[in-house]
There are 2 protein chains.
Amino acid sequence: MNARENSPQPTTADPTIRQLRVDGRRLWNSLMALAKIGATPKGGVCRLALTDLDRQGRDLVVGWAREAGLTVTIDRIGNGFLRRAGRNDALPPIVTGSHIDTQPTGGKFDGNYGVLAGLEVMRTLNDAGIETEAPLEVAFWTNEEGSRFVPVMMGSGVFAGAFSLDHAYAATDVEGRSVRDELARIGYVGDQTPGDHPIGAYFEAHIEQGPVLEDAGVTIGVVDAVLGLNWYDCTVTGMEAHAGPTPMALRRDALQAATGIMQQVIAIADRYPPYGRGTVGMVQVFPNSRNVIPGQVTFSIDLRNVSGELLERMEADLHAVLDDVRRDTGLAIDLRKVSSFAPCPFDVTCVSAVRQAAQALGYSQMDAVSGAGHDAVYMARLAPTSMIFVPCKDGISHNEIEDAKPEHLEAGCNVLLHAMLGHAKVVGRRDR
Amino acid sequence: MNARENSPQPTTADPTIRQLRVDGRRLWNSLMALAKIGATPKGGVCRLALTDLDRQGRDLVVGWAREAGLTVTIDRIGNGFLRRAGRNDALPPIVTGSHIDTQPTGGKFDGNYGVLAGLEVMRTLNDAGIETEAPLEVAFWTNEEGSRFVPVMMGSGVFAGAFSLDHAYAATDVEGRSVRDELARIGYVGDQTPGDHPIGAYFEAHIEQGPVLEDAGVTIGVVDAVLGLNWYDCTVTGMEAHAGPTPMALRRDALQAATGIMQQVIAIADRYPPYGRGTVGMVQVFPNSRNVIPGQVTFSIDLRNVSGELLERMEADLHAVLDDVRRDTGLAIDLRKVSSFAPCPFDVTCVSAVRQAAQALGYSQMDAVSGAGHDAVYMARLAPTSMIFVPCKDGISHNEIEDAKPEHLEAGCNVLLHAMLGHAKVVGRRDR
């Protein structure tokens, strides 16, 4: 299937194809219809993986796919593939997709947009009677969010062989119900072995979930990589003491040292623009009493960057900071790496296809990275992959107030359409 | 009673009196005997106020007092007064004392030392057949620690009129049992109205509960003041966002701003030596998730100093810091003062009496302040007052590993003896 990687299809010279556009209103209406399933009073969606609501959402999408003449395949982890045949149906399909499960306080667009943008591409091609050389598919991946069952990105992870089907099946929610049982209960255990399904190339449209596009006033983010990350737990141990009787010079204040390190985490990230990121999200102070100098502070450190080399330099800087603080304060400082994901550069041909589609369509666009994980990260292990970002309001996601503009969603869908067509090759028009 | 304040008695010229010393071994043995009641496996003491163990401790001390020929009076909040008559028994008594309740993970010395040092003074005077002009008393104050019932320093607070007897009676522990009921249950509701009991002067011996004396290698701390304090809650509100997709420049990181303020709290205290103290003891981060930039951080600020003017300047500096951070970050910062205690300077005559006694006895001594509250703070509202500090190991208190050296405890007790004699005036010797 990698032959395709080396033979990108330029945007066709056929003016009818060049002028092809999705139906933004239909896309929006589909998004709003799906968002009613699990709708929350605050305008968000709570549709956790493998619940009755998830089944209703899947049934709605599968019903729409069948109405559009697509063939539906479900695999054993519940991933769904909605297929539009190609002229040469033996070619690996050009796939798009995302997920329709949500966070407990999720929004209408995260994941759902990627699936329904794919469906809208299919509907548009049907309406125009376009035939492609390679088949096209829309995938919906099981339990991307990981809110109910860990690990996250479960369906695409099993599909890509990141972990086993049995490992995923054994995962349980807080009430002890397993993925295996819940998947069977909602009727979404398919026949196909996950991964036993060729993919020619993969494109995923998604709201940005960050503020960059909105801040820059740009419509399309051409995603060329997903940032790598290192997660650490840092513990500073001093000596707790009464805040009253202990003069400043005789203190071994764990929080004073810890806050110095926390400030430096920001400084390190600032030294590696534009993609260096440093976050302290979690802090535990012991004994956490108003009039006791803290004896111990544990906090998380999250470092991200776009290349492994930059991430290593950030880690080296962190170690240097800790050495300085150890020397200056005499306190014990423990740093433990608790998780690490390598940066994921996307395929240059797929990235170019997205960029060229956006240019041809006349949308403002900029290169972008994804700071968060997506199903596309696992797909990139299997096939040439890239993503298309559109702005979301104030960069907010995983929140019931998540919002996006119809015209941006439509634009991203048009880019998806033309990027997929470029890879699948238009070979003609069917009679309507 | 204030006439006494202006007529301190210099150390007597009588060489027998000058050479009078307490029995350090007897003091130590009494401390160890009392520490058996509520002893913990780690070598500490858990003897919470108004428990059966508190009753056993009170009974032991009262029994020792009666053996020493002292008259025992209990007031209605359970404060005990162990009285040695003076030649002029109508004079207000020179009082010493402290408390015998402990923290849940308390030590052998906090409070207990002050009561048993007073008892040792009485025993020593008995042994030497000394008669004083004014009567002498040892007080034990109910529920100084406040671990089981709030407010802290309850017995001395009611005695000094800081709050009412009914307010104290109504306090309940976590199981809903009231001070009124528990005090009756252990048999320590006396007849006397709290405060209806003159005090000529008050001295309290105590372990330092801080590291200054040990660090300086000094035996006696001449306590001339108790630090005032201001307690604040500070809340910084930014915007929570995903740590991955949000570039550094577009963040509204509440923790980044908060840690900057926390560092400045230390810097403010460092600008007002030697008694300026600044502590952040308690931190709450929201949502406190590893990969979410904190949207809100609330933390406590504890500022202390020896004068109201210095404390006001520290507060002004804090406001200036917050203004700077508001301007630099654009984040909302709320500061609320939740508690305030004015500094408490001790009586110069009483402080001099302690200093002169230490000098006459040849002990190394230094002026000291108390950073923590003591019953003496309330007594200072009623009578000339000061305190005597002795070192404790590593400055540790409110901990089962609290420790102090017998020779330091003996030294502090000798200082107490001579300071009290200076105020009560020796008038002769009784036949033994």
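Copies of a chain are superposed here by least squares on the C-alpha atoms of residues with pLDDT of at least 70 in both. By this procedure, a turn of 180 degrees and a shift of 0.0 Å along the axis lay chain B on chain A with an RMSD of 0.1 Å. That is therefore the relation of a two-fold axis. T259(B) is the residue of chain B that comes closest to the rotation axis, at 2.7 Å (C-alpha).

The model is predicted: local features need pLDDT of at least 70 and side-chain atom pairs count only at pLDDT 80 or more, whereas totals for chains, interfaces and linings use all residues. Residues are numbered from 1 along each chain as its sequence is written, and chains are lettered from A and ligands numbered from 1 in the order in which they are written.

**Contact between the chains**

Two residues are in contact if their C-beta atoms, placed from the backbone, lie within 7 Å. Chain A and chain B each bring 50 residues to their contact. Helices (H or I, at least four residues) and strands (E, at least two) are DSSP runs, numbered from the N terminus. On the side of chain B that touches chain A, α9(B) gives the most, with nine residues. Of the interface residues of chain B, 100% are also interface residues in chain A, so the copies meet through the same surface.

The table gives residue classes, with Ala, Val, Leu, Ile, Met, Phe, Trp, Tyr, Cys and Pro counted as nonpolar, Asp, Glu, Lys and Arg as charged, and the others, Gly among them, as polar.

| Contact side | Nonpolar | Polar | Charged |
|---|---|---|---|
| Chain B, touching chain A | 23 residues | 20 residues | seven residues |
| Domain 1 of chain A, touching domain 2 of chain A | three residues | one residue | no residues |

**Domains of chain A**

Domain bounds come from an automatic or database domain assignment. For chain A this assignment gives domain 1 (2-226 + 343-429) and domain 2 (228-341). Their C-alpha centres lie 38 Å apart, and four residues of domain 1 are in contact with eight residues of domain 2.

**A helix pair in chain A**

Axes are lines fitted to C-alpha atoms, for helices over the stretch in contact, and angles run from 0 to 180 degrees between N-to-C directions. Helix α4 (residues 112-128) and helix α13 (residues 406-424) of chain A pack at about 60 degrees, with axes 9 Å apart. Residues of α4(A) including Y113(A) and T124(A) meet residues of α13(A), among them L409(A) and M420(A). By class, this contact has eight nonpolar, two polar and one charged residues.
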